[in-house]
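The exercises below can be worked through with the sequence and the coordinates side by side. Try each task before reading its solution.

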Amino acid sequence: MGLGATTASPAQLAQTIESYLADHPAAALLEDGRILFDMRTAHYSVAESHGRCLLQFWSDERNLVRTVVDVQQRAQCLRLITRRLGATKPQSLELAPTSDRRTPTARDTARRNYQRLLERVLARHFLGSKVDGLRTAMDLEHSFGPAYVRGRLLKGTAADAVIGVSDAESASIIDGVLTLGVLWLDYCRHHADARRHFGGLKVIVLQAPGAPRRSAWPG
C-alpha cells in the first residue's frame, strides 16, 4: 500500500525510506530497471527539510538529489515518486533488496551450474591434483556467502585453497573475492589434517555459462 503525499508527511516519508535501507543494507537504487547505486558502496541522506522529504545518494561515480513526494510498497521493493529540484514532473525510482535482479530460483540454478563448470576447469588445468570439497553453502560464522565456490586442490600432502566466483555476479561481490579467499585459506589451514600443508590460494573468476564475455579466466 502506498503512502500518498496527502497522508504521509515529509518526515514520515523519510522514516519509511530510512527503515527500508536499514533493513536491506545490500539494497540497490534503480531507475527504469538500471542500477544507479549499490548501497554496499554508496552513501545516502534522507530527511525532512523545509517541508520536503529530501533524498540524496552519492558514490564515486555519481550524485543524485530528489524530493520524495510519495512512497509505495511493491512486494519486496519500495517505489519512490520523486521530483528533481526545480522540476514539476514526477519521476519514479525503486529501491530493491539487492542489486541482483535474478529471481532466487534463477540465481541458485546459475550458481549450481557455475560450481560444476569450475570443477571441470580445475580438473582440466591442474592435472595431477584432486579437486576436493567444492561448496557454496552459507557459513555466516566465517563470513562465507553462497556466491563464492570454495574448495581445495590436493596433491599428495600438499594443497591449495581455491575460491571462485562467476562474472555474472555483481561487481561488489567479485571485488570481494580476494578478501573471502584469504579467510578461506585461513579456515583450510586451521581445519586441515596435520599432515596436509596448504601452500597458497587460487582465486578464479570464470565466465558464467551463456553470459556475455566480460573477462577471461587467468591461465
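The model used here is predicted.

**Exercise 1. Describe the surroundings of R150, and decide whether R150 has a salt bridge.**

Solution. Begin with the position in the fold: R150 belongs to strand β10, which covers residues 149-155. Next, look for a partner of opposite charge; the nearest such side chain is that of D139, at a distance of 5.2 Å. Because a salt bridge needs a side-chain nitrogen of Lys or Arg within 4 Å of a carboxyl oxygen of Asp or Glu, the pair does not qualify, and R150 is buried without a salt bridge. Then turn to the backbone, where the oxygen of A137 is found 3.0 Å from a polar atom of the R150 side chain. Finally, list the contacts, leaving aside neighbours within four places in sequence: among them are L134, T136, A137, D139, F144, I163 and W184.

**Exercise 2. Work through three of the salt bridges, giving for each its atom distance and the exposure of its partners.**

Solution. The structure holds six salt bridges. In general, side chains of opposite charge can pair when their charged atoms come close.

- Step 1: D132 and R152 meet through their side chains, with an N to O distance of 2.2 Å. This pair links distant parts of the chain, since D132 lies in strand β9 (residues 130-135) and R152 in strand β10, 20 residues apart. D132 counts as buried because its relative accessibility is 17%, under the 20% limit, whereas R152, at 24%, counts as partly exposed.
- Step 2: D160 forms a salt bridge with K202, and the closest N and O atoms are 3.9 Å apart. Here too distant parts of the chain are linked, with D160 in strand β11 (residues 158-166) and K202 in strand β12 (residues 197-206), 42 residues apart. D160 has a relative accessible area of 21% and is therefore partly exposed, and K202 is partly exposed at 24%.
- Step 3: R195 and D193 meet in a salt bridge at 3.2 Å, N to O. R195 is exposed, with a relative accessible area of 67%, while D193 is partly exposed at 42%.

**Exercise 3. Characterise the largest pocket, and say which element gives the largest share of its lining.**

Solution. Rolling a probe the size of a water molecule over the atoms shows where empty space is left. The largest pocket holds about 600 Å³ of space, and its lining is made of 25 residues, with R40, T98, D100, R107 and R111 nearest the centre. Helices α2 (104-125) and α3 (171-175) each contribute at least two lining residues, and α2 gives the largest share, namely three. As a further step along α2, consider A110, which is placed in this helix and is partly exposed, with a relative accessible area of 30%. The C-alpha atoms of A110 and E169 are 9.9 Å apart, although 59 residues separate the two in sequence.

**Exercise 4. Examine the backbone at H50 and S143, and place each residue.**

Solution. Most residues other than glycine have a negative phi. At H50, phi is instead positive, near 55°, and this residue sits in the loop between β4 (43-49) and β5 (52-58). H50 is exposed because its relative accessible area is 78%, over the 50% cut-off. S143 also has a positive phi, near 70°, and is found in the loop between β9 and β10.

Technical notes
Residues are numbered from 1 along each chain as its sequence is written. This is a predicted model: local features need pLDDT of at least 70, side-chain atom pairs count only at pLDDT 80 or more; totals for chains, interfaces and linings use all residues. Side-chain values use heavy atoms; hydrogens and water are left out. Helices (H or I, at least four residues) and strands (E, at least two) are DSSP runs, numbered from the N terminus. Buried means under 20% relative accessible area, exposed over 50%, partly exposed in between (1.4 Å probe, protein chains only). Lys and Arg count as positive and Asp and Glu as negative; His and the chain ends are not counted. A polar contact is a pair of N or O atoms within 3.5 Å; within protein, one must be able to donate a hydrogen and the other to accept it, and residues adjacent in sequence count only if both atoms are side-chain atoms. Contact means heavy atoms within 4.5 Å. On a 1 Å grid over the protein atoms alone, a cavity is a set of points where a 1.4 Å probe fits but cannot get out, and a pocket is an open set with protein on both sides within 12 Å along at least five of seven lines; lining residues have an atom within 4 Å of a point. Grid points are joined across faces, edges and corners, and a volume is the space filled by probe spheres set on the points.
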